[in-house]
Amino acid sequence: MPAKVSVAASARLHLGFLDMNGGLGRKFGGVGLALDAPATRLTLTRADKNCVEGPEAERAAALLERAQEALGLTQRHRLTLEEAIPAHAGFGSGTQLALAVSAALRRLEDLPNDPAADAALMARGARSGLGAGLFQLGGVVVDGGRGPQTTTPPVVARAEFPDAWRVLLVCDPGDVGLHGADERDAFAELPPFGAATSGEVCRLVLMQILPALAERELAPFGAAVTRIQEIVGDHFAPAQGGRRFTSAKVEATVARLLADGATGGGQTSWGPTGFAFVESDAAARRLLGRHGAKAREEGLDISIHRGLNRGAKIDAVYAQIA
């Protein structure tokens, strides 16, 4: 058995739900992208009693106990978090932390790796299978939604994100997206999502996003993401103060990026983080140079990122035998 296991799990962008109508027997589904940063990085070793330290320690301690119980482990552990994805920013931080903890436990105790099962064991993925799919595979993932017998929504398609493309993230540290009870209440109170609208979103994913990724064509990819974000943003607007974005400042900054040559602008999950895509690192740096100062004056963070075409990194260290 390993003496120590380290896990690095990256943030994701939720680009939109596929079908909130559910008329075909499956509901939600979605399309998402793994990012190179921010990330959750943690290390796990055995100990006489549980000990958790680092950012998000309280949250991680509860997840560690839940995973130990779910996996039937009596051994106790020391969990050290070196870095954590910001919570309630639209990056899927809770799912990635839960899956990283359970993956570390499985590797340390020589149990088979199973992110889809862990998502269910850790009570993640109630509406989306993107977190588990991206934890395992990276890239761009489409999940097939939740059916009557679903435990974790299955991955039905996966594509590489082109190496040359870049993502501009616009974050509002002074705001948070809906979560917990507020999120559950918002979903319960939203109006019905029409079958025709769901059909349009699914067509955009199948006939525009996935082919555009395969052929590395940014314009149709971006146009499809923008349209999906308009549809989903309008649906969720009643829970976001009547806006497509949680943060009005992020919305305005993304609009300026789109007007200056970016494409595929939107908000990940409940935000407040926004995003836009460009064709190269040089193009991203040009836009950052033109719009970064104004964004920072408004208290926003704007940064350049790559897509991550691999799943979480799980490394084991074995004790040396003298």
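In this predicted model, helix α2 meets helix α4 through T95, Q96, L99, A100 and A103 on the α2 side and G131, A132 and F135 on the α4 side. Sorted by class, the residues of this contact come out as five nonpolar, three polar and no charged. Helix α2 covers residues 93-108 and helix α4 covers residues 130-137, and the two pack with their axes 9 Å apart at an angle of about 50°. That angle is neither under 35 degrees nor in the range from 65 to 115, so α2 and α4 are described as oblique to each other. The crossing in which α2 passes α4 is right-handed.

Helix α2 also holds A104, a residue with a relative accessible area of 0%, which means that A104 is buried. What does A104 touch, once its neighbours within four places in sequence are left aside? The contacts of A104 are with V5, V7, L42 and L44. One of these, V7, sits 97 residues from A104 in sequence, yet the C-alpha atoms of A104 and V7 are 6.4 Å apart in space.

A second helix pair is formed by α6, residues 195-214, and α7, residues 218-236. How do these two helices pack, and at what angle? Their axes lie 8 Å apart and the angle is about 160°. Since angles over 145 degrees count that way, α6 is roughly antiparallel to α7. The handedness of the α6 and α7 crossing is left-handed. On the α6 side, the contact is made by T197, E200, V201, L204, V205, Q208, I209, A212 and L213. These meet P220, F221, A223, A224, V225, R227, I228 and I231 of α7. By class, the contact of α6 with α7 takes in 13 nonpolar residues, along with two polar and two charged ones.

Moving from helices to strands, D143 belongs to β5, a strand made of residues 140-143. Is D143 buried or exposed? Its relative accessible area is 0%, under the 20% cut-off, so D143 counts as buried. Not counting residues up to four places away in sequence, D143 touches a list of residues that includes L18, G29 and G30. Also touching D143 are S128, G129 and L130, as well as P153, P154, V155 and V156. Another residue to set beside D143 is F28, with their positions 115 residues apart in sequence and 8.8 Å from C-alpha to C-alpha.

A252 gives a further case of a pair separated along the chain. This residue lies in helix α8, residues 248-259. With a relative accessible area of 33%, A252 is partly exposed. A252 and A295 are 43 residues apart along the chain, and 9.6 Å separates their C-alpha atoms.

The backbone has a few spots worth a look. Most residues other than glycine have a negative phi, and most peptide bonds are trans. Where do cis peptide bonds turn up here? One runs from A37 to P38, with omega near 0°, and P38 is placed in strand β2, residues 28-47. Another cis bond runs from G271 to P272, this time with omega near 10°. P272 is in the loop between β8 (263-267) and β9 (274-278).

That loop between β8 and β9 also contains S269. Phi of S269 is positive, near 55°, and S269 is a residue other than glycine. S269 has a relative accessible area of 32%, which means that S269 is partly exposed. A positive phi is found at A123 too, again in a residue other than glycine, with a value near 60°. A123 lies in the loop between α3 (115-121) and α4, and α4 is the helix that packs against α2.

Finally, the cysteines. How many disulfides does the model have? The count comes to zero, going by sulfur atoms within 2.5 Å of each other. C51 has a relative accessibility of 26%, so C51 counts as partly exposed. C171, by contrast, has 17% relative accessibility and therefore counts as buried.

Definitions and conventions:
Residues numbered from 1 in each chain as written. Predicted model: local features only at pLDDT ≥ 70, side-chain atom pairs only at ≥ 80, totals over all residues. Heavy atoms only, no water. Axes fitted to C-alpha atoms, helices over the stretch in contact; angles between N-to-C directions. Helix = DSSP H or I, 4+ residues; strand = E, 2+ residues; numbered from the N terminus. Left-handed = near helix turned anticlockwise from the far one by under 90°. Contact = heavy atoms within 4.5 Å. Nonpolar A, V, L, I, M, F, W, Y, C, P; charged D, E, K, R; others polar. Buried < 20%, exposed > 50% of the residue type's maximum accessible area, 1.4 Å probe, protein only.
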